[in-house]
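Let's take a walk through this model together, moving from single residues out to the whole chain and back again. Keep the viewer open as you read.

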Amino acid sequence: MTNRLGGPLVGALVGLAAAALGAVFLTGGGFDARVLAIAAGSVLVTAAVAFIAGKSITAPAAAAPLQPPPFAPAPGTGAASGAIPVGQLQDSARAAQNAADRTVLVETCVWMRDRATSPALAQHLDGAFAKVGVAQVDATGQRFDPAVHEAGSTVAARGPADEGIIARTEQIGYTDRGRILRHPIVTVYRGQGVRA
């Protein structure tokens, strides 16, 4: 079985070897036998790996232009599976990086909002949060749920109906498009107060 330079393993190895040879010619100090030996070693390693893998590292014919890979049907359609297009992998990696970057920016803005002493800055951050789907969570009056709230302290309940209800929110929580970023820290009514 042969594979041209575009194959995933062989292409990567040939690219590494080409980079090593390029380093020989790009070193500003002229010919260096040590650098040439290192580059030649990379080429030999590449050839050995290609030989062991049963792949050919021959270049494609000049008359045959490179064609994009054929369309691969969606998984689970019953059709034969094909290679994933490189663009699709790049889009997926880019989307994951964008999501990670967004999380960092949102968490930084939440940190800034907690420390904002200027009402104008706080209002501006609140407006920006609303535009991108970040919401504040004030749990005052809700029933305490340890999956959604973090108990900071307790206070004596005014009556049996107050048991387990959140008396006040000590620190506002945040959600990002429905996903909890930070649980609100709350004070919960517990036990009934002593009456005179």
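Which residues does Arg182 touch, not counting residues up to four places away in sequence? Arg182 is in contact with Val110, Asp114, Gln171, Ile172, Gly173 and Tyr174. Please keep in mind, as you follow along, that this is a predicted model. Arg182 itself belongs to strand S5, and one of the residues on its contact list, Asp114, deserves a second look. The side chains of Arg182 and Asp114 are joined by a polar contact of 2.4 Å. The two residues also form a salt bridge, in which the closest N and O atoms are 2.4 Å apart. This pair links distant parts of the chain, since Asp114 sits in helix H3 and Arg182 in strand S5, 68 residues apart. Asp114 counts as partly exposed because its relative accessibility is 33%, and the partly exposed class lies between 20% and 50%.

Now for the overall plan. The protein chain has 4 helices and 6 strands, and reading along the sequence gives the pattern α-α-α-α-β-β-β-β-β-β. Of the 196 residues in the protein chain, 21% are buried. Among contacts with a separation of 6 or more, 62% are between residues 24 or more positions apart. The protein chain exposes about 13400 Å², and carbon and sulfur atoms supply 64% of that area.

Let's return to strand S5 and look at its partner. Strand S4 (residues 173-176) pairs with strand S5 (residues 179-182) in the antiparallel sense, over 3 bridges. Within this pairing, Thr175 stands opposite Ile180 in S5. The hairpin of S4 and S5 has 2 residues between the strands, and Arg177 there takes a positive phi near 55°.

Strand S4 also holds Asp176, another good place to pause. Is Asp176 buried or exposed? Asp176 is buried, because its relative accessible area is 5% and the cut-off for buried is under 20%. Its contacts beyond four places in sequence are Arg102, Val106, Val132, Gly133, Val134 and Leu181. With Arg102, the side chain of Asp176 makes a polar contact, side chain to side chain, of 2.5 Å. Asp176 and Arg102 form a salt bridge too, with the closest N and O atoms 2.5 Å apart. Here again the pair links distant parts of the chain: Asp176 is in strand S4 and Arg102 is in helix H3, 74 residues apart. Both Asp176 and Arg102 are buried.

Helix H3 offers a local pair as well. The side chains of Arg94 and Asp91 meet in a salt bridge of 3.0 Å, N to O. Both residues lie in helix H3 (residues 86-115), 3 residues apart, which is about one turn of the helix. Arg94 is partly exposed, with a relative accessible area of 46%, and Asp91 is partly exposed with a relative accessible area of 46%.

Next, follow the chain to the loop between strand S1 (134-137) and strand S2 (150-157), where you will find His149. His149 counts as buried because its relative accessible area is 5%. Leaving out residues up to four places away in sequence, His149 touches Ala139, Gln142, Arg143, Phe144, Ile166, His183, Pro184 and Val186. With Gln142, the side chain of His149 makes a polar contact of 3.0 Å to the side chain. The C-alpha atoms of His149 and Ile166 are separated by 9.3 Å, the residues being 17 apart along the chain.

Strand S6 (residues 185-192) contains Arg190, which is partly exposed, with a relative accessible area of 39%. Its contacts beyond four places in sequence include Phe144, Thr154, Val155 and Glu163. The C-alpha atoms of Arg190 and Pro160 are separated by 9.2 Å, with their positions 30 residues apart along the chain.

Our last stop is at the surface. Trp111, Met112 and Leu121 form a nonpolar patch there, with about 290 Å² of accessible area together. Leu121 lies in helix H4 (residues 119-132) and is partly exposed, with a relative accessible area of 36%.

Conventions:
Residues numbered from 1 in each chain as written. Predicted model: local features only at pLDDT ≥ 70, side-chain atom pairs only at ≥ 80, totals over all residues. Heavy atoms only, no water. Patch = residues over 30% accessible without salt bridge, like charges linked within 9 Å, V, L, I, M, F, W, Y side chains within 5 Å. Areas by Shrake-Rupley, 256 points an atom, 1.4 Å probe, with all protein chains shown as cover. Salt bridge = Lys/Arg side-chain N within 4 Å of Asp/Glu carboxyl O. Buried < 20%, exposed > 50% of the residue type's maximum accessible area, 1.4 Å probe, protein only. Pairing = 2+ DSSP bridges. Polar contact = N/O pair within 3.5 Å; in protein donor to acceptor, adjacent residues only side chain to side chain. Contact = heavy atoms within 4.5 Å.
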